[in-house]
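Visitor: I would like a walk through this model, one question at a time. Please keep the answers brisk.

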Amino acid sequence: MNTLITGAGSGIGRATALRLAKRSHICVADKNGANAAAVVKEIEAASGKATAYEVNVLDGDAVRAMVAQAEAVAPIDALFNNAGISVRSEIKDITGEEWDLMLDTHARGMFFVAQAVLRNMVPRKSGAIVQTSSDFAVMGVPGMAAYCAAKCAVYSMTKALAQEFGDDKIRVNAIGPGPIDTPILRGGRTEEQYRTSVAANEARTPMGRLGKPEEVAAVVDFLLSEKSTYINGQLFHPNGGAVMW
Ligand SMILES: NC(=O)c1ccc[n+]([C@@H]2O[C@H](COP(=O)([O-])OP(=O)(O)OC[C@H]3O[C@@H](n4cnc5c(N)ncnc54)[C@H](O)[C@@H]3O)[C@@H](O)[C@H]2O)c1
């Protein structure tokens, strides 16, 4: 089995790469090449097999070249389309460039990766894809309009792909994690702001704690596995109950 994971150099992507490496070769893709290489070393140290790809998902040509290289080694059976960023900025302050980067990274970047992978999966009539949305896609959060809009786009795209490729025996689902303890939560925050944000996230979550990336990886593993062969076009929320719907 061959699995491509974007944003695999850190956080949720890294945890999923380490978990899936027990049953698959992993294409560890990240714009941070050093982190991707470090994850490959971790996988190899645990007797798994993996290849690092330094790629920015905003670069369609680079994404297509990466997928061609990966397919030359082994067909990509599964994709975790996960690379993402977070920028907190109130709507009165956010610039057009920041808005575009947020929408582009999540919607355009995931489109490039999904398109390149699907072009190979369709003739084989087989495959599974999971895309990372967020619970913010459905709850709406002040100061996060760009992120909420981008993650809603991911969820909508997931449903459209699930409709389009079901007949090709390709399943496409999304995850909408709640607050997960990864570097993205610290980005752009002082230590005090980070602690305030952790406290707020703990307060809004019935389980009273942040999630671990490994707890999200377990859901992705299930959705990419033979255990979920009739699950398609759904949004799963590993979020400790922070959003219920
Ligand atoms: N941590 C959370 O609380 C949380 C909650 C909901 C959704 N998410 C989503 O989960 C996904 C993973 O985030 P994480 O929490 O593991 O954060 P993270 O910062 O630890 O990992 C994100 C990874 O994506 C990579 N990346 C970013 N932009 C890229 C690009 N253009 N091309 C290639 N790689 C790129 C980064 O280098 C990084 O390694 C993101 O899509 C994020 O929006 C996270």
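Visitor: How do the residues of the shell around the ligand divide into nonpolar, polar and charged?
Guide: This is a predicted model, where local features need pLDDT of at least 70, side-chain atom pairs count only at pLDDT 80 or more, and totals for chains, interfaces and linings use all residues. Residues are numbered from 1 along each chain as its sequence is written. Ala, Val, Leu, Ile, Met, Phe, Trp, Tyr, Cys and Pro count as nonpolar, Asp, Glu, Lys and Arg as charged, and the others, Gly among them, as polar. The shell then holds 11 nonpolar, 17 polar and two charged residues.

Visitor: Which element gives the most to the shell around the ligand?
Guide: A residue is near the ligand if its C-beta atom, placed from the backbone, lies within 6 Å of it. By that rule 30 residues surround the ligand, and the closest are G7, S10, G11, G84 and I184. Helix 1 (11-20) and helix 4 (96-124) are the elements that give two or more residues; helices are DSSP runs of H or I, at least four residues, and strands are E runs of at least two, numbered from the N terminus. The most, three residues, comes from helix 1.

Visitor: In which sense do strand 4 and strand 5 pair?
Guide: Two strands pair if DSSP finds at least two bridges between them. Strand 4 and strand 5 have four bridges, and A78 stands opposite A128 in strand 5. The sense is parallel.

Visitor: Which residue of strand 4 is the bridge partner of I5?
Guide: Strand 1 (residues 2-6) pairs with strand 4 in the parallel sense, over three bridges. Strand 4 (residues 78-81) is covered on both faces, with A78 and F80 buried on one side and L79 and N81 on the other. Buried means that 20 or more other C-beta atoms, placed from the backbone, lie within 10 Å of the residue's own. The partner of I5 is F80.

Visitor: Which elements do the buried residues of helix 6 pack against?
Guide: Helix 6 (residues 145-165) has buried residues including Y147, K151, Y155 and F165. Contact needs C-beta atoms, placed from the backbone, within 7 Å. The partners are helix 4, strand 5 (127-132), helix 5 (136-139), strand 6 (170-175) and strand 7 (235-236).

Visitor: What is the radius of gyration of the protein?
Guide: Taken over C-alpha atoms, the globule rule is 2.2 Å times the number of residues to the power 0.38. With 245 residues, a compact globule would come near 18 Å, so the protein agrees. Its radius of gyration is 17 Å.

How values were computed:
A residue is buried if 20 or more other C-beta atoms lie within 10 Å of its own, exposed if 12 or fewer, and partly exposed in between; C-beta atoms are placed from the backbone. Two residues are in contact if their C-beta atoms, placed from the backbone, lie within 7 Å.
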